[in-house]
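Here is a short, friendly briefing to read alongside the model. Have the viewer open, and let's go strand by strand and then ring by ring.

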Amino acid sequence: MSQITNNLMQVKQRLKLAAEAAKRKPEDIELLAVSKTFPAHNVEEAMHAGQIAFGENYVQEAVEKITALSKLRPSLSWHFIGPLQSNKTKEVAEQFDWIHSIDRLKIAERLSTQRGEFPELPNLQVCVQVNVSEEDSKSGVPLNKAEDLCNAIAKLPKLTLRGLMAIPAPNPDSNLQRQAFAAVRKCFEQIKEKHLNDIDYAFFDTLSMGMSDDMEAAIAEGSTMVRVGTAIFGKRDKISV
Ligand SMILES: *Cc1c(COP(=O)(O)O)cnc(C)c1O
């Protein structure tokens, strides 16, 4: 069995055990395989092992892989999870199924307009990125600004608001990991509660949180999508994030 296939099985086992420990169903937590910096043939290997959803951070690199792999299997799902500049929104609007890293309305508006240029495509699925470790990161809106941004995004015609995404600062202490994820979950639940009968929020069901080193803590706090790179594909070169 290949290394990637083996790693994938181990990550799925971790997901299952973490779900069971939290009295949750493993199938309620989606595994996103983060393939940034790894070549298309590595993604293909994961695909042959049954993986369908992949996460990428760099537009150019991602588009090459998407193009190569869509020929083999059109049904893969591609998630953009990195910072996005306005001059790259067009490719994301055209190529991706999801984006997790929206923290500015202007980017969302561009994506909605540009998605509209491809009427055959379904809406782009969107998570708003929140910043729970404010001193450490420039990405993400503060928790107290998340709802306003969600409200505005939910009204854009070619985007479907799906939930919140967070990347807490790495922390070796699993209790502190959980605290950060719990704050995101609380924010998510408050927004959801406020918009229970709001058609704009009909698909607001996603908490994108947890990576290779903290997926257990994220699952314990309600994550519905973990984004796992290193534990599946191996260590990345230092230059990449
Ligand atoms: C790189 C990346 C991941 C994967 O991180 P690992 O620690 O390698 O699992 C997840 N989410 C985002 C936003 C990333 O940029």
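Ile102 has Val128 of strand E5 as its bridge partner. That contact belongs to the pairing of strand E4 (residues 98–102) with E5, which is parallel and spans three bridges. Please keep in mind that this is a predicted model.

**Strand E5 and its neighbours**

- E4 leads into a right-handed β-α-β unit, made up of E4, helix H5 (residues 105–115) and E5.
- Strand E7 (residues 159–166) also pairs with E5 in the parallel sense, here over seven bridges.
- If you want a landmark for that pairing, look at Leu124, which stands opposite Leu159 in E7.
- Strand E6 (residues 141–142) runs parallel to E5 as well, and two bridges join them.
- Val130 has its bridge partner in E6, namely Val141.

**How E5 is enclosed**

- Strand E5 covers residues 124–131, and eight of its eight residues are buried, so the strand is largely enclosed by the rest of the structure.
- In a regular strand the side chains alternate between the two faces of the sheet.
- In E5 both faces are covered: one side carries Leu124, Val126, Val128 and Val130, all buried.
- The other side carries Gln125, Cys127, Gln129 and Asn131, and these are all buried too.
- Val128, the bridge partner of Ile102, is thus part of the side that also holds Leu124, Val126 and Val130.

**Aromatic pairs**

- How many aromatic pairs does the structure hold? There are five.
- One of them joins Phe38 and Phe233, which are stacked with 5.5 Å from centre to centre and 25° between the planes.
- This pair links distant parts of the chain, 195 residues apart: Phe38 sits in the loop between strand E1 (30–34) and helix H2 (40–48), while Phe233 belongs to helix H9 (residues 230–233).
- Are Phe38 and Phe233 buried or exposed? Both Phe38 and Phe233 are buried.
- Phe188 and Phe204 form another stacked pair, with 4.9 Å from centre to centre and 20° between the planes.
- Phe188 is in helix H7 (residues 174–194) and Phe204 is in the loop between H7 and strand E8 (206–208), so their pair ties together parts that are 16 residues apart in sequence.
- Phe188 and Phe204 are both buried.
- Tyr201 joins in as well: ring pairs link Phe188, Tyr201 and Phe204 into a cluster.

Methods: Residues numbered from 1 in each chain as written. Predicted model: local features only at pLDDT ≥ 70, side-chain atom pairs only at ≥ 80, totals over all residues. Heavy atoms only, no water. Buried < 20%, exposed > 50% of the residue type's maximum accessible area, 1.4 Å probe, protein only. Helix = DSSP H or I, 4+ residues; strand = E, 2+ residues; numbered from the N terminus. Pairing = 2+ DSSP bridges. Right-handed = clockwise from strand over helix to strand, strands pointing away. Phe/Tyr/Trp six-rings, centres within 6.5 Å; stacked < 30°, edge-to-face > 60°.
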